[in-house]
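Hi,

Here is the structure I said I would pass on. Have a look at it below, and then read on for what turned up.

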Amino acid sequence: MLKVINVVGARPNFMKVAPIVDAMKRREREFAPLVVHTGQHYDEMMSDAFLRDLDLPEPNVYLGVGSGSHAAQTAAVMQKFEPVVLQEKPDWVLVVGDVNSTLACALVCVKLGMKVGHVEAGLRSHDRAMPEEINRLLTDQIADRLFTPSRDADDNLRGEGIPEDRICFVGNVMIDSLLNQLKHARSSTIRAQLGVADSDYAVLTLHRPSNVDERGTFSRILDALEKIARRLPIIFPVHPRTRKTIAELGLTDRVQRMNGLRLLEPLGYLDFLRLFSGARVVLTDSGGLQEETTALGIPCLTLRESTERPITVELGTNVVVGSDPQRISTAALAALDRPRANNTPRVPPLWDGHAADRILDVLAATHR
Ligand code: UD1
């Protein structure tokens, strides 16, 4: 029986950990899972709503670290996670994605000589100004097993000198959640509540510091949105960080007066899945949403200069457009002019709903 601590911290972690914990519960003779929540995200709609929607058990341990500078947040996670690992003595610790909690917990484990696996390893934007890129690079250097979602990630790791026996191509756990939850999402009433019908709206998410922390860049993005909103309504569930910067940058009036831009509180997993899966086009700076739209064949414009998920551009519907208003609006209008029937999903290898089981197979094999 393998005792495994599964770490969650921020919103994009929950949908990656849920299928892993679920698979461990199904294989109860082989695995005893524990869930540790660092509390990096703590608002009801950034955390608890996801635990409920994804059927994740209440975390066994809640560290309650909250917000802070990168140094303060990372250090707080490390200080609070260390005694938990020392007490529980797990066989494995699994960390997912690229948030501060991921690196902090991996670092604690490697210093204690505990085995740590990184799920969604090997992705690289090659932009070291992104805090997530630093988290990915360092976590991959120190973790014992690197579970990759795509072959380009394997190549990145090899290029960094990681030995072959640490790299395990297992596919995409986030797509496990997506496929599991699609049928449940159909019961969401979010479209009726908003009064929108299939395919007659766009969905926007924006929270990267490079887009929302500086007035000039944020204003240029709003210029593009103004043009697009003349064609169709844009539904915008606003991340708490973005809500804060809109106010701090003095953009509240402009955003509220913009015709066709509808601001919402952050949505839970099922409502959001229901919403974006019916969108005509998605505009985003999120990493995960580039993958989810690829799996469903929804046109996606990525408002960043680079992507760590190139497979969504090669095989999927993703176009990287940066923050230049002309590029954003031209690409959006082109997507709107294309017949929807052309947006067929081309699902990358092993994005098949079984990535979690492949991770468990690898863990089990290390203890035979
Ligand atoms: C974090 C991740 C990012 C991920 C994003 C998804 C890092 C470095 N960044 O960014 O990779 O894409 O989560 O959401 O780990 N806040 C709240 N309530 C919350 C959480 C945050 O109000 O529950 C506000 C606080 O003002 C906080 C700010 O959002 O200071 C930023 O939160 P933080 O966890 O530092 O980073 P995110 O921008 O959420």
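**Around the ligand**

Keep in mind that this is a predicted model. A good place to start is His-207, which has a polar side-chain atom 2.8 Å from an oxygen atom of the ligand. Glu-132 does something along those lines too: an N or O atom in its side chain sits 2.6 Å from a ligand oxygen. With Asn-100 it's the backbone that takes part, as one of its polar atoms there is 2.8 Å from an oxygen atom of the ligand.

How much of the ligand's accessible area does the protein cover? On its own the ligand has 740 Å² of it, and the protein covers 89% of that.

The shell around the ligand has 19 residues, and the closest ones, besides the three above, include Gln-40 and His-41. Sorted by class, the shell holds eight polar, six charged and five nonpolar residues. Two elements, α3 (70-88) and α11 (240-248), each supply two or more residues to the shell. The largest share is from α11, with three residues.

**An enclosed space**

There's also one cavity of 30 Å³ or more, with about 50 Å³ of space in it. Which elements give two or more residues to its lining? Those are β6 (145-148) and α7 (173-185). Among the lining residues you'll find Phe-147, Thr-148, Val-173, Met-174 and Ile-359. By class, the lining has seven nonpolar residues, three polar and one charged; Glu-120 is part of the lining as well.

Cheers

Definitions and conventions. Residues are numbered from 1 along each chain as its sequence is written. This is a predicted model: local features need pLDDT of at least 70, side-chain atom pairs count only at pLDDT 80 or more; totals for chains, interfaces and linings use all residues. Side-chain values use heavy atoms; hydrogens and water are left out. A residue is near a molecule or strand if one of its heavy atoms lies within 4 Å of it. A polar contact is a pair of N or O atoms within 3.5 Å; within protein, one must be able to donate a hydrogen and the other to accept it, and residues adjacent in sequence count only if both atoms are side-chain atoms. Accessible areas come from the Shrake-Rupley method with a 1.4 Å probe; for residues, only the protein chains shown count as cover. Helices (H or I, at least four residues) and strands (E, at least two) are DSSP runs, numbered from the N terminus. Ala, Val, Leu, Ile, Met, Phe, Trp, Tyr, Cys and Pro count as nonpolar, Asp, Glu, Lys and Arg as charged, and the others, Gly among them, as polar. On a 1 Å grid over the protein atoms alone, a cavity is a set of points where a 1.4 Å probe fits but cannot get out, and a pocket is an open set with protein on both sides within 12 Å along at least five of seven lines; lining residues have an atom within 4 Å of a point. Grid points are joined across faces, edges and corners, and a volume is the space filled by probe spheres set on the points.
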